Amino acid sequence: QVQLVESGGGLVQPGGSLRLSCAASGSIFSIGAMGWYRQAPGNERELVATVTSAGSTNYADSVKGRFTISRDNAKNTVYLQMNSLKPEDTAVYYCNANVKTSLRARNDYWGQGTQVTVSS
């Protein structure tokens, strides 16, 4: 089994910054892409950013230039640095990882979510 544990959410004023972390643990053979998604009330879950094991990144247009995704492969951890936060960034943020648990088994795993609220 694989667990993803997120941390770093909270309440921040518009224009502020937060850093989210997500650590994977358990029966891990290797990890492929990792990413962050978010879901605001009444909306579907949407992609925020992804990073491959080689470090290639992809961002939603709404966060380009403000958010930075990175990972530490030695720690099986992915980060999301969020700057210049806006009220519309308010959502529950979920970590995702594509994990190989054996030579033949690969699945997507999700964290429990962490609340980010941007408000004055």
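**A hairpin, a ring pair and a core**

Let's start with a hairpin: five residues join β9 to β10. Keep in mind as you look around that this is a predicted model. The two strands of the hairpin, β9 and β10, run antiparallel and pair over five bridges. To spot one of these contacts, find Asn 98, whose bridge partner in β10 is Asp 108.

Now follow β10, which covers residues 106-110, to Trp 110. If you search the whole structure for aromatic pairs, you find one. Tyr 37 and Trp 110 make up that pair, and they meet edge-to-face, with 5.1 Å from centre to centre and 65° between the planes. Planes over 60 degrees apart count as edge-to-face, so the pair gets that label. It's also a link between distant parts of the chain: Tyr 37 belongs to strand β4 (residues 30-39), and the two partners are 73 residues apart.

Is Trp 110 tucked away or out in the open? Its relative accessibility is 39%, so Trp 110 counts as partly exposed. Trp 110 has another neighbour to look for, Arg 45, whose charged end sits over the Trp 110 ring, 4.7 Å from its centre. The charged end of Arg 45 also sits over the ring of Tyr 94, this time 3.7 Å from the ring centre.

Next, turn to the inside. The largest nonpolar core has 31 residues, and the members touching the most others are Trp 36, Leu 80, Met 82 and Tyr 93. Several strands supply at least two residues each, including β1 (2-7), β4 and β8 (77-82). The largest share, five residues, comes from β9, which brings us back to the strand that the hairpin joins to β10.

How values were computed:
Residues numbered from 1 in each chain as written. Predicted model: local features only at pLDDT ≥ 70, side-chain atom pairs only at ≥ 80, totals over all residues. Heavy atoms only, no water. Phe/Tyr/Trp six-rings, centres within 6.5 Å; stacked < 30°, edge-to-face > 60°. Helix = DSSP H or I, 4+ residues; strand = E, 2+ residues; numbered from the N terminus. Buried < 20%, exposed > 50% of the residue type's maximum accessible area, 1.4 Å probe, protein only. Lys NZ or Arg CZ within 6 Å of the ring centre and 35° of its normal. Core = buried A, V, L, I, M, F, W, Y, C linked by side-chain atoms within 4.5 Å. Pairing = 2+ DSSP bridges.
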